[in-house]
Amino acid sequence: MTSALLFFTELTQAPSKAQRELLTLAARFDSATVALTGDISEEATGIVGSYGIGRILQAPAGDGFQDHEVGVLDAAVQTVNPQIVLLANDSFHREVAARVAARREVGIITDAIDVSADRTVTKDELAGAYTARVNPVADLVLVTVKPNSVEDAPAGGESAAVVEPLEVAAYASRLQVVGREEKPASGRPSLGEARIVVSGGRGVDGDFSPVEDLADALGAAVGASRAATDAGWIDHDFQVGQTGTTVSPQLYISAGISGAIQQKAGMQTSKYIVAVNKDEDAPIFEIADFGIIGDLKQILPQAAEEIRRRQS
Ligand SMILES: Cc1cc2nc3c(=O)[nH]c(=O)nc-3n(C[C@H](O)[C@H](O)[C@H](O)COP(=O)(O)OP(=O)(O)OC[C@H]3O[C@@H](n4cnc5c(N)ncnc54)[C@H](O)[C@@H]3O)c2cc1C
């Protein structure tokens with residue numbers, strides 16, 4: 001009997017696509033439990049149940065730093081005694097996973113793209129240049145899974161999951177939050193989870209509007225190279241690459257980006273790569289499925305217009 005534990009930090013709305021992919025993976029094991037910090041909606045308990053997962057352990061929400069979440073996940077591991085814990089692959093959850101793994105002296109695998117019922121984990125290595133299959137030898141392994149890796153497949157469970165309170169020892173945070181400001185929502189999908197990403201580089205020459213317009217026509221997230229973020233044309237949160245966000249969308253459109261190794265490291269596992277660059281020798285064309293040699297300021301607006309025409 002192999003039991004899985006899933007860790008979410010919020011389920012106030014219907015689970016996101018990435019959360020559904022984690023539910024799909026957890027349902028492959030003999031039993032699965034969700035551990036959660038924060039609130040959960042009635043809709044979400046129904047959706048968790050539809051994956052055949054019947055139990056949710058709920059703890060209060062944290063303050064945005066990981067101390068609380070580490071304590072909650074550790075307590076949930078103590079309660080459930082799972083053989084595998086599944087988490088999102090973003091930096092917040094990777095840090096929670098690493099700290100719990102260190103505390104318990106167990107294994108951790110990041111950048112996973114698949115997990116089978118015998119705990120074999122498939123993961124990207126060396127920026128996606130290799131795919132490795134790993135069998136954990138520890139009794140417990142924590143695995144962070146990249147979004148857009150698994151086909152979402154509810155198992156057909158009919159009853160909603162039951163929510164139980166999880167007892168967690170009070171923690172004394174060593175940090176005090178003195179101010180918090182919400183960023184204005186862009187209305188676009190988040191970069192790390194989007195199915196389509198349109199990224200701009202130094203070639204946009206300070207004007208991201210053609211990139212943003214094409215992204216909006218496609219319902220895509222906006223990304224950027226480090227040259228663009230360093231120039232201050234767009235916030236660092238949008239940076240894709242080795243020192244930015246790693247993305248693995250179904251479609252990545254790269255515009256005015258040369259394709260340096262550090263940029264490729266964050267996007268080369270995308271399913272389809274379309275590159276727009278006026279230099280036919282740009283390295284990005286080595287990994288592009290479809291390349292367009294030309295000026296992005298002409299090509300991107302034409303693409304956006306044609307996509308909107310076909311949508312109407
Ligand atoms: C430790 C380290 C970490 C790094 N981490 C990252 C990272 O996370 N992400 C990242 O992106 N980089 C990273 N870099 C930087 C990386 O090495 C490159 O310098 C950077 O990716 C270059 O950005 P770029 O492709 O936009 O600019 P450039 O290399 O200058 O390329 C611009 C491209 O735009 C094309 N172009 C110009 N005008 C147009 C136009 N009108 N239409 C179409 N094409 C046009 C040009 O032909 C050129 O190919 C890192 C570097 C280091 C040393």
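**Exercise 1. Place Asp 207 in the chain and describe its surroundings.**

Solution. Start with the position: Asp 207 sits in the loop between β10 (196–200) and α5. The model is a predicted one.

Next, take its accessibility. The relative accessible area of Asp 207 is 36%. Buried means under 20% and exposed means over 50%, with partly exposed in between, so Asp 207 counts as partly exposed.

Then look for a partner. The side chains of Asp 207 and Ser 209 are joined by a polar contact of 2.6 Å.

Last, consider the spacing to Ile 234. Along the chain, Asp 207 and Ile 234 are 27 residues apart, and 9.3 Å separates their C-alpha atoms.

**Exercise 2. Decide whether Gln 263 is buried or exposed, and find its polar contact.**

Solution. Gln 263 belongs to helix α7 (residues 261–264). Its relative accessibility is 6%. The limit for buried is under 20%, so Gln 263 counts as buried.

For the contact, turn to Tyr 252. The side chains of Gln 263 and Tyr 252 are joined by a polar contact of 2.7 Å.

**Exercise 3. Describe how the ligand is held by its surroundings.**

Solution. Begin with the count. The ligand is surrounded by 25 residues, and the closest are Arg 202, Ser 225, Thr 243, Ser 258 and Asn 277.

Now go through individual atom pairs:

- Arg 226 places a backbone N or O atom 2.9 Å from an oxygen atom of the ligand.
- Gln 262 has a polar side-chain atom 2.7 Å from an oxygen atom of the ligand.
- Asp 295 has a side-chain N or O atom 2.9 Å from a nitrogen atom of the ligand.

Finish with the area. The ligand taken alone exposes 980 Å², and the protein buries 75% of that.

**Exercise 4. Work out which elements build the largest nonpolar core.**

Solution. First take the members. The largest nonpolar core has 30 residues, and Leu 6, Val 34, Ile 53, Leu 86, Val 115 and Val 143 touch the most other members.

Then assign the core to elements. Two or more residues come from each of β1 (3–8), α1 (17–26), β2 (31–37), α2 (42–50), β4 (84–88), β5 (107–115) and β8 (141–145). The largest share is that of α1, with four residues.

**Exercise 5. Examine three salt bridges and say which parts of the chain they join.**

Solution. The whole structure has 15 salt bridges. Three of them are treated in turn.

Step 1 concerns Glu 164 and Arg 55. In this salt bridge the closest N and O atoms are 3.0 Å apart. Glu 164 lies in strand β9 (residues 162–165) and Arg 55 in strand β3; the two residues are 109 residues apart, and the pair links distant parts of the chain. Glu 164 is partly exposed, at a relative accessible area of 28%. Arg 55 is also partly exposed, with 28%.

Step 2 concerns Arg 308 and Asp 213, whose side chains meet in a salt bridge of 3.1 Å, N to O. Arg 308 is in helix α8 (residues 296–311) and Asp 213 is in helix α5 (residues 209–218), so this pair ties together parts that are 95 residues apart in sequence. Arg 308 has a relative accessible area of 35% and is partly exposed. Asp 213 is partly exposed as well, at 32%.

Step 3 concerns Glu 306 and Arg 310. Their closest N and O atoms are 2.8 Å apart. Both residues lie in helix α8, four residues apart, which is about one turn of the helix. Glu 306 is partly exposed, with a relative accessible area of 28%. Arg 310 has a relative accessibility of 66%; since exposed means over 50%, Arg 310 counts as exposed.

Step 4 adds a network: Asp 67, Glu 95 and Arg 99 are joined into one by salt bridges that share partners.

**Exercise 6. Find which residues form a nonpolar patch on the surface, and locate Phe 65.**

Solution. The patch is formed by Phe 65, Leu 175 and Val 177, which together have about 240 Å² of accessible area. Phe 65 is in the loop between β3 (55–59) and α3 (66–80). With a relative accessible area of 35%, Phe 65 is partly exposed. A residue needs over 30% relative accessible area to join a patch, so Phe 65 passes this cut-off.

Definitions and conventions: Residues are numbered from 1 along each chain as its sequence is written. This is a predicted model: local features need pLDDT of at least 70, side-chain atom pairs count only at pLDDT 80 or more; totals for chains, interfaces and linings use all residues. Side-chain values use heavy atoms; hydrogens and water are left out. Patches are made of residues with over 30% relative accessible area and no salt bridge: like charges are joined within 9 Å, nonpolar side chains (Val, Leu, Ile, Met, Phe, Trp, Tyr) within 5 Å. Accessible areas come from the Shrake-Rupley method with a 1.4 Å probe; for residues, only the protein chains shown count as cover. A salt bridge is a side-chain nitrogen of Lys or Arg within 4 Å of a carboxyl oxygen of Asp or Glu. Buried means under 20% relative accessible area, exposed over 50%, partly exposed in between (1.4 Å probe, protein chains only). A residue is near a molecule or strand if one of its heavy atoms lies within 4 Å of it. A polar contact is a pair of N or O atoms within 3.5 Å; within protein, one must be able to donate a hydrogen and the other to accept it, and residues adjacent in sequence count only if both atoms are side-chain atoms. A nonpolar core is a set of buried Ala, Val, Leu, Ile, Met, Phe, Trp, Tyr and Cys residues joined through side-chain atoms within 4.5 Å.
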